[in-house]
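Before reading on, please load the model and set the display to show secondary structure. The walk below goes from the sheet to the helices, and it is meant to be read with the coordinates open.

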Amino acid sequence: MGKWTCDYRYLLILAALAFFYIQMRLFVTQSQYADQIAAAVEAENHCTSQTRLLIDQISLQQGQIVTLQEEKKRQDEKCRQLSALVQDLERKGVKTMIGEVQVPVAAVVVMACNRADYLERTIKSILKYQEPVASKYPLFVSQDGTNSDVKRKALSYNQLTYMQHLDFEPVLTERPGEIIAYYKIARHYKWALDQLFIEHNFSRVIILEDDMEISPDFFDYFEAGAALLDSDKSLLAVSSWNDNGQKQFVHDPYILYRSDFFPGLGWMLTKSTWDELSPKWPKAYWDDWLRLKENHKGRQVIRPEVCRTYNFGEHGSSLGQFFKRYLEPIKLNDVQVDWKSMNLSYLTEDNYVKHFGDLVKSAKPVRGFDPVLQAYNIDGDVRIQYHDQEDFERIAAKFGIFEEWKDGIPRAAFKGIVTFRYQTSRRVFLVGPSSLQLLGVEHAL
């Protein structure tokens, strides 16, 4: 009996050892299996990560492909335009004759967009006086956009070179409700002036718009102005425009003025000035931007008493603003002034303050609530003092001249003084509170 009990215990021990061995083997196997599963999961995660990375790269490459396709379309369109331009020039028989090319006074560019009828009227007005001086004033039309009527009209003239600005970038206005056209106009101006000054290397450019007519002496006037621009670095530009150039406010087509206010509407600038302005050119409202002191830096503009351009554009980006009151009544000069024989030294920076100061000093002071009536009853020039912008606007409204200021400067003003004729050859000087002191005639009564 004892022997069987011992054998039974021995068998139990053997069974326990066997069970323990099997459990150990199972544990080792399970551990190995768990390690394999973990490795598989890690491999799967790595594979998923690589797959996602590959998908992202494919998406990025697809985006780049789309961008390249769009760029190719733009380049193809530009190539097509250049090809058309070359064919057009060949058709017109344009040749470069080394040694016979006259250095131009200035390129003349007409800024156009989508008004073919206006453009035609402008081109005809220019060509009427440009033909005898065509080598001095090569004519360009720069179109913003793809209006086919404008392009066809421009290309129909052998006497000009056509340029086309293609802008595919979306316009993002800085304030809600702004007119997008002002942003596109600013882009177009920068592109066109870069083309003429940088690509074509002109030393001066005259900028016109597609709703302007010019005077008979337009080109002689700007040739005289070019000499002033080159010699006087206190000048920003030469303009053909007088903001107060309405028929009732002008008299003498031979008289020119300096102004602290940039008028635009037919103006000339130099390459050196454009080199300064181009890198910081604004996104919109380029003309008002030029009227800021931080940009014109105290430089002035030569302007005529009688306008050398006439703006007939009642319909356009400005929506006919001020047209009936201020633009339609403008007097376009009709006198052929011989500017080559004119002594314009009085317009230089050193001479003009004394010249203009003497004119203001000799004018009779007018005081009272109704300056218009008093000025009308006085023979000879008169000067009227205003105290601030509000007072100026009140007096300007009575006469009917521009009331607007920009950055502290009234339109057409020099040293705060706005000059215009009233009814006859009589000059009226609206004089600011510190104007006489700036002119050195503060002792004038």
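What follows describes a predicted model, beginning with its sheet and ending with a pair of helices.

The sheet is open and is built from eight strands, which follow one another in the order S3-S2-S1-S4-S8-S6-S9-S7 with mixed pairing. Its edges are formed by strand S3 (160–165) and strand S7 (256–259), each of which pairs on one side only. From one strand to its neighbour the average turn is 25 degrees, with direction ignored.

A convenient place to enter the sheet is strand S1 (107–112). Six of the six residues of S1 are buried, so this strand is largely enclosed by the rest of the structure. The side chains of Ala107, Val109 and Met111 point one way from S1, while Val108, Val110 and Ala112 point the other way, and all of them are buried. With S4 on one hand, S1 pairs in the parallel sense over five bridges, and with S2 on the other, S1 again pairs in the parallel sense over five bridges. Val108 can serve as a landmark for both pairings, since its bridge partner in S4 is Ile206, whereas its bridge partner in S2 is Leu139.

Moving on from S1 through S4, the reader comes to an antiparallel pairing, in which strand S4 (residues 204–209) and strand S8 (residues 267–270) are joined over four bridges. Within this pairing, Ile207 stands opposite Trp267 in S8. Helix H3 packs on the sheet as well, where it touches strand S1 (107–112), strand S2 (139–144) and S3, and its direction makes about 155 degrees with that of S3. Helix H5 (residues 218–231), for its part, lies across S1, S4, strand S6 (235–239), S7, S8 and strand S9 (300–304), and runs at about 175 degrees to S6.

The remaining step concerns helix against helix. Two packed helices are described by the angle between their axes and by the distance between those axes. For helix H2 (residues 116–130) and helix H3 (residues 148–155), the axes come within 9 Å and cross at roughly 20 degrees. Because angles under 35 degrees count as roughly parallel, this makes H2 roughly parallel to H3. The crossing of H2 and H3 is right-handed. On the H2 side the contact involves Ala116, Leu119 and Glu120, which meet Asp149, Val150, Lys153 and Ala154 in H3. Sorted by class, the contact of H2 with H3 has four nonpolar, no polar and three charged residues.

Note on methods: Residues numbered from 1 in each chain as written. Predicted model: local features only at pLDDT ≥ 70, side-chain atom pairs only at ≥ 80, totals over all residues. Heavy atoms only, no water. Axes fitted to C-alpha atoms, helices over the stretch in contact; angles between N-to-C directions. Helix = DSSP H or I, 4+ residues; strand = E, 2+ residues; numbered from the N terminus. Parallel < 35°, antiparallel > 145°, perpendicular 65-115°, else oblique. Left-handed = near helix turned anticlockwise from the far one by under 90°. Contact = heavy atoms within 4.5 Å. Nonpolar A, V, L, I, M, F, W, Y, C, P; charged D, E, K, R; others polar. Pairing = 2+ DSSP bridges. Buried < 20%, exposed > 50% of the residue type's maximum accessible area, 1.4 Å probe, protein only.
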